[in-house]
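This report describes a protein model for a reader new to structural work. Please look at the sequence and the structure shown here before reading on.

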Amino acid sequence: MSDIDNLALRARLADPAVGRPDPAFTATVLRRWGLRQRRRRRLARLLVGAGILGPLAVLAPQAVRSILGLAAGPGPALLAACLAGGLVALSLVLLPRASR
Amino acid sequence: VIGLTDSELIVRAREGSPMALAEILRRHQPAVRGFLRRVGGGAGEADDLAQETFLAAFARLDEFRGEASLRSWLCGIAWRKVQAGRRGGARRSAREAASARPDAATTPSPEQRLDIEAAFARLTVEQRAAAALCLASDLSHGEAAAALGIPLGTLKSRVAGARRILIEALEDYR
């Protein structure tokens, strides 16, 4: 097949419907990307918070209560929640390194 | 960001610049969407896959080494999404059924579109991917082979086969 044949075939196959960028497509992808990023940041903050507060709740429960604005009372439940969060955060940090 | 090269855009995008991401989308969406439409599926499904392709690419910008062009890297991600969809079974049959239909909503010339859709429907999905990248787009054989994850010889064989079938199908082409 000659170069002219190739060029003609290429021109024939070009799709004019997608030849130009569609602003709506761009906006949709950017909006979905923004939502995904916000969810990821929220999760990261949650894990960081749990990772810091978890060990601190074990070492200094009074300090954690004052950080969270809790006077007294929900001690065991608070400790359990913070400890669980801290363990999850630590495992997320440590497990990928251990598997390398 | 409009005057930046793809490599410069990638650097900006990795730093979190929304303008860089928008420019990458503006610059490369026609190629990715066109590729996915040619591989098979209606315009709607192809655009859904194109969205997923760009979201996956944005999440993995650190993996882009610059060894291939950004467009062929994006088409490679798109192709892997097509393959994953095909493995889904139900989606595959839906896409192949849709590929036999012309997409009237975006057809500037229905008769020509019908001819081309019918011609593409005669190809295997692997041939469609090769033809979409090398004939309907302007990727080199090397770039297309890298994007599809196949050896160069295999790519050339698929392009040659697709070209032969397309020319036979498009009878008024000669």
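## Helix packing, burial and a pocket

In the predicted model, Glu126(B), Gln127(B), Ala130(B), Ala131(B), Cys134(B) and Leu135(B) of helix 7 of chain B meet a set of residues in helix 9 of chain B, namely Leu155(B), Arg158(B), Val159(B), Gly161(B), Ala162(B), Arg163(B), Ile165(B) and Leu166(B). Contact here means heavy atoms within 4.5 Å. Helices (H or I, at least four residues) and strands (E, at least two) are DSSP runs, numbered from the N terminus. The residues of this contact between helix 7 and helix 9 of chain B divide into 9 nonpolar, 2 polar and 3 charged. In this grouping, Ala, Val, Leu, Ile, Met, Phe, Trp, Tyr, Cys and Pro count as nonpolar, Asp, Glu, Lys and Arg as charged, and the others, Gly among them, as polar.

Two packed helices are described by the angle between their axes and the distance between the axes. For helix 7 (residues 125-136) and helix 9 (residues 152-169) of chain B, the axes come within 8 Å and cross at roughly 90°. Helix 7 of chain B is therefore roughly perpendicular to helix 9 of chain B. Axes are lines fitted to C-alpha atoms, for helices over the stretch in contact, and angles run from 0 to 180 degrees between N-to-C directions. Angles under 35 degrees count as roughly parallel, over 145 as roughly antiparallel, 65 to 115 as roughly perpendicular and the rest as oblique.

Helix 7 of chain B is mostly covered, with 10 of its 12 residues buried. Buried means under 20% relative accessible area, exposed over 50%, and partly exposed in between (1.4 Å probe, protein chains only). Among the buried residues of this helix are Val125(B), Arg128(B), Ala129(B) and Leu133(B). Gln127(B) also has its place in helix 7 of chain B, and it counts as buried because its relative accessibility is 15%. Leaving aside neighbours within four places in sequence, Gln127(B) is in contact with Arg158(B), Gly161(B), Ala162(B) and Ile165(B).

Elsewhere, Ala43(B) lies in helix 3 of chain B and counts as buried at 13% relative accessibility. Ala43(B) and Arg33(B) are 10 residues apart in sequence and 8.3 Å apart in space, C-alpha to C-alpha.

The two chains are set side by side below.

| Chain | Residues | Helices and strands | Buried residues |
|---|---|---|---|
| Chain A | 100 residues | 4 helices, 0 strands | 22% |
| Chain B | 174 residues | 9 helices, 0 strands | 50% |

Among contacts between residues at least 6 apart in sequence, 45% join residues at least 24 apart in chain A, and 56% do so in chain B.

The largest pocket has a volume of about 310 Å³. Its lining has 16 residues, of which Trp33(A), Gln37(A), Ala13(B), Gly16(B) and Phe58(B) lie nearest its centre. Helix 2 of chain A supplies the largest share of this lining, 6 residues. The lining residues divide into 8 nonpolar, 3 polar and 5 charged. On a 1 Å grid over the protein atoms alone, a pocket is an open set of points where a 1.4 Å probe fits, with protein on both sides within 12 Å along at least five of seven lines; lining residues have an atom within 4 Å of a point. Grid points are joined across faces, edges and corners, and a volume is the space filled by probe spheres set on the points.

Residues are numbered from 1 along each chain as its sequence is written, and chains are lettered from A in the order in which they are written. Local features need pLDDT of at least 70, side-chain atom pairs count only at pLDDT 80 or more, totals for chains, interfaces and linings use all residues, and side-chain values use heavy atoms, with hydrogens and water left out.
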